[in-house]
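Here is a walk through one protein chain, going from its strands to its core and then to its charged pairs. Keep the viewer open as you read.

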Amino acid sequence: QVQLVESGGGLVRPGESLRLSCKVSGRFVSVNAMNWYRQAPGNEREWVATMPAGGTTDYADSVKGRFTISRDNIKNTVYLQMNNLQPEDTGVYYCYMSLSDTWGQGTRVTVSS
């Protein structure tokens, strides 16, 4: 059984940073495409970033240059480093494993002065 558990969300001010974590069990992140999505209040869930099993990472235009997706194969964990956060980045962030179609429970990020 595949499980994804996100952590690292919180309340920050504009311009600050957060690092989200997605701990995976049941499959190896090294051989699976991993993704981050987010859902702002009142909006649909939107794609943020993808790290394929091989190849280059990809980002939504709205976060390109500010967010970085990475993984630690030993810890079997995927990360989302978020820098220069803005109020429009507020939302619940979800980790998603494509092959198993598995979502985490989400972690809330609030950017406010």
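Two strands count as paired if DSSP finds at least two bridges between them. With that rule, 4 strands of this predicted model form an open sheet in the order S1-S3-S8-S7, and the pairing is antiparallel. The edge strands are S1 (3-7) and S7, each of which pairs on one side only. From one strand to the next, the twist averages 20°.

Take a look at S3 and S8. These two run antiparallel and are joined by 6 bridges. One residue to click on is Lys23, whose bridge partner in S8 is Thr77. As background, strands of a sheet pair through backbone hydrogen bonds, either parallel or antiparallel.

Now for the inside. The largest nonpolar core has 27 residues. Which of them have the most contacts inside it? They are Met34, Trp36, Leu80, Met82 and Tyr93. Plenty of strands chip in: S3 (18-25), S4 (34-39), S5 (46-51), S7 (67-72), S8 (77-82), S9 (91-97) and S11 (107-111) each supply at least two residues of this core. The largest share, 4 residues, comes from S3.

Met82 is a handy place to zoom in. Once you set aside its neighbours within four places in sequence, Met82 touches Glu16, Ser17, Leu18 and Leu20, along with Arg66, Phe67, Tyr93 and Val109. Tyr93 is also on the list of core residues with the most contacts.

Next, the cysteines. A search of the whole structure turns up 1 disulfide. It is formed by Cys22 and Cys95, with their sulfur atoms 2.1 Å apart. The torsion about the S-S bond of Cys22 and Cys95 is about -85°, so this disulfide is left-handed. The link spans distant parts of the chain, with Cys22 in strand S3 and Cys95 in strand S9, 73 residues apart. Both cysteines, Cys22 and Cys95, are buried.

On to the charges. Side chains of opposite charge can pair when their charged atoms come close. The count here comes to 4 salt bridges, among them the three in this table.

| Pair | N to O distance |
|---|---|
| Asp89 and Arg38 | 2.9 Å |
| Asp61 and Lys64 | 3.2 Å |
| Arg66 and Asp89 | 2.8 Å |

Where do Asp89 and Arg38 sit in the chain? Asp89 is in the loop between S8 and S9, while Arg38 is in strand S4, 51 residues apart. Both Asp89 and Arg38 are buried.

The bridge between Arg66 and Asp89 also links distant parts of the chain: Arg66 is in the loop between S6 (58-59) and S7, Asp89 is in the loop between S8 and S9, and 23 residues separate them. Is Arg66 buried or exposed? Buried means under 20% relative accessible area, and Arg66 has 16%, so Arg66 counts as buried. Asp89 comes in at 0%, so Asp89 is buried too. Salt bridges that share partners join Arg38, Glu46, Arg66 and Asp89 into one network.

The pair of Asp61 and Lys64 has another setting. Exposed means over 50% relative accessible area; Asp61 has 66%, so Asp61 is exposed. Lys64, with a relative accessible area of 47%, is partly exposed.

Terms used: Residues are numbered from 1 along each chain as its sequence is written. This is a predicted model: local features need pLDDT of at least 70, side-chain atom pairs count only at pLDDT 80 or more; totals for chains, interfaces and linings use all residues. Side-chain values use heavy atoms; hydrogens and water are left out. A nonpolar core is a set of buried Ala, Val, Leu, Ile, Met, Phe, Trp, Tyr and Cys residues joined through side-chain atoms within 4.5 Å. Buried means under 20% relative accessible area, exposed over 50%, partly exposed in between (1.4 Å probe, protein chains only). Contact means heavy atoms within 4.5 Å. A salt bridge is a side-chain nitrogen of Lys or Arg within 4 Å of a carboxyl oxygen of Asp or Glu. Axes are lines fitted to C-alpha atoms, for helices over the stretch in contact, and angles run from 0 to 180 degrees between N-to-C directions. A disulfide is a pair of cysteine sulfur atoms within 2.5 Å.
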